[in-house]
Amino acid sequence: MSTTTWLKQVVEVEVGAVAHGGHCVARHEGRVVFVRHALPGELVRVLITSDNGGSFCRGDAVEVLRPSPDRVTPPCPFSGPGKCGGCDWQHASWGAQRDLKAAVVAEQLQRLAGVEREVEVEPLPGGHRDWRTRLRLAVGRDGKPGFRGHHSHDVIPVDHCVIAAPHALDDVLDRAWRPGSELAVTLDSTGKQHVTEIAPAQRRGGRRPTPGPSKLRRGSGGAVERAADRDWLVRADGFWQVHPHAADTLARVVGEWAACEPGDHAWDLYGGAGLFASVLAAQVGETGSVEVVESAANAVRDGQRALADLPQVKWHVGRVEDSVTRAPLAERSPSVVVLDPPRKGAGAAVLDAVAARRPTRVVYVACDPAALARDVALLAGHGYRLTQLRAFDAFPMTHHVECVALFTRGD
């Protein structure tokens, strides 16, 4: 291991393959350099921004000596080395962005699960700009809102955001806020703006509504979202898909692959407000049942209100890893299980319990390719084969990608 570091040095490298996390891999003098703001095949000069003296370091491409044909001028003036850390691929064409994400998903599946599969990342309607309906901003010491730098607490003030949905940030960026606070901004499906100022006491659970001029619509009644042929009244600062077409798209694919029959019993794990449960409930009908497990009590309350017309949906507040091994879930085996775990994935405890119930199909929604690949390997150990996979560009300009996977039990 090296005892010296290259921190703040500039090195010249030829950029290799894309890696998970919004950077590419290069090598210099026997060490790996993870490079942001570069593309495969480019020759760049890299400013080393992080180096602990080990086998690898991290840096930003500050000069491009031989550009990739996929390189474009970033549409946002706040994108680039040392600037806003929200977007990873503004310097790549939209098609190239999706190809990079597809390569990452395929590489993670091969490396972590031993699965060779061609992957296509499909675009969602609306293009790669003006799509984000939920944003989290930070407020600097001067009271100005902005976004944090990459792996940094620094707040980068901005006067617009190219991926924010039109009008999402109206009356937000041009006023002062409490220094050190954060802003949760939502533009719901009706076009209503919701802003919650989260005080520094957030770590102690403190949250207060936004003060300010009456023209800033705070939306204290909750955000209205439209998906799966119904309206959802959910917490404006809670979880919902940030792309306006993501919820409908994912619900459609989950429904196609779940393919429940009338009278079936299904599980919806990490069920949130019940988006997928609503689809499953329509399939199983009044003679079937859907058990939803969600740890966030607020989301469950939102779901109970939205799905009050579906008595076949049963709600359970608690950790999934606890609920799947206890009554009432453990008393009856489901024919289909849908999982939408957080970024870390479902993990062994949950998947062991799911596989022990021997459902015919498992439909898995994933927001992290590495976590998905690890769980693919775990399910394979229980005899479940990855039979279908679709990936969607639900987060254009960033390295994030949403996947839906179907697993079926082998003989």
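Student: In strand 5, which residue is the bridge partner of Leu43?

Tutor: This is a predicted model, in which residues are numbered from 1 along each chain as its sequence is written, and local features need pLDDT of at least 70. Side-chain atom pairs count only at pLDDT 80 or more, while totals for chains, interfaces and linings use all residues; side-chain values use heavy atoms, with hydrogens and water left out. Strand 4 (residues 43-50) and strand 5 (residues 56-66) run antiparallel and are joined by seven bridges, strands being DSSP runs of E with at least two residues, numbered from the N terminus. Within strand 5, the bridge partner of Leu43 is Arg66.

Student: In what order do the five strands close into a barrel?

Tutor: The pairing in this barrel is mixed, where two strands pair if DSSP finds at least two bridges between them. Neighbouring strands of the sheet are turned against each other by 50° on average, direction ignored; axes here are lines fitted to C-alpha atoms, for helices over the stretch in contact, and angles run from 0 to 180 degrees between N-to-C directions. The strands close in the order 1-2-3-5-4.

Student: Which strands are the edge strands of the open sheet of eight strands?

Tutor: The order of this open sheet is 6-20-21-19-18-15-16-17, with mixed pairing, and the twist averages 20° from one strand to the next. An edge strand pairs on one side only. The edge strands are strand 6 (121-123) and strand 17 (313-317).

Student: In strand 17, which residue is the bridge partner of Val292?

Tutor: Strand 16 (residues 289-294) pairs with strand 17 in the parallel sense, over five bridges. In strand 17, the bridge partner of Val292 is Trp315.

Student: At about what angle to strand 20 does helix 2 run?

Tutor: Helix 2 (residues 246-258) is a DSSP run of H or I with at least four residues. This helix lies across strand 18, strand 19, strand 20 and strand 21. Relative to strand 20, helix 2 runs at about 160°.

Student: How many residues does helix 2 give to the largest nonpolar core?

Tutor: A nonpolar core is a set of buried Ala, Val, Leu, Ile, Met, Phe, Trp, Tyr and Cys residues joined through side-chain atoms within 4.5 Å, and buried means under 20% relative accessible area, exposed over 50%, partly exposed in between (1.4 Å probe, protein chains only). The largest such core has 69 residues, and Leu169, Trp232, Leu275, Val313 and Val404 have the most contacts inside it. Apart from this core lies another of 35 residues, among them Leu109, Leu269, Tyr270 and Val362. Helix 2 gives the most to the largest core, and its share is eight residues.

Student: Which residues of helix 6 are buried?

Tutor: The buried residues of helix 6 pack against strand 15 (265-269), helix 5, strand 18, strand 19 (361-366), helix 7 (369-381) and strand 20, contact meaning heavy atoms within 4.5 Å. After helix 6 comes Arg358, with a positive phi near 55°. In helix 6 (residues 347-356), the buried residues are Val350, Leu351, Ala353, Val354 and Ala355.

Student: The backbone oxygen of which residue lies 2.7 Å from a polar atom of the side chain of Arg134?

Tutor: Arg134 belongs to strand 7 (residues 134-139) and counts as buried, since its relative accessible area is 6%. Leaving aside neighbours within four places in sequence, Arg134 is in contact with residues including Val185, Glu225, Asp237 and Trp240. The backbone oxygen at 2.7 Å from its side chain is that of Gly238.

Student: Is Met397 buried or exposed?

Tutor: Met397 lies in the loop between strand 20 (384-393) and strand 21 (402-409), and has a positive phi of about 80° although it is not a glycine. Glu29, also not a glycine, has a positive phi of about 50°, and with a relative accessible area of 66% Glu29 is exposed. At 1% relative accessibility, Met397 is buried.

Student: How many disulfides does the count come to?

Tutor: A disulfide is a pair of cysteine sulfur atoms within 2.5 Å. The sulfur of Cys84 is too far for a bond, because the closest cysteine sulfur, in Cys87, is 6.2 Å away. By this rule, the count of disulfides is zero.

How values were computed. Polar contact = N/O pair within 3.5 Å; in protein donor to acceptor, adjacent residues only side chain to side chain.
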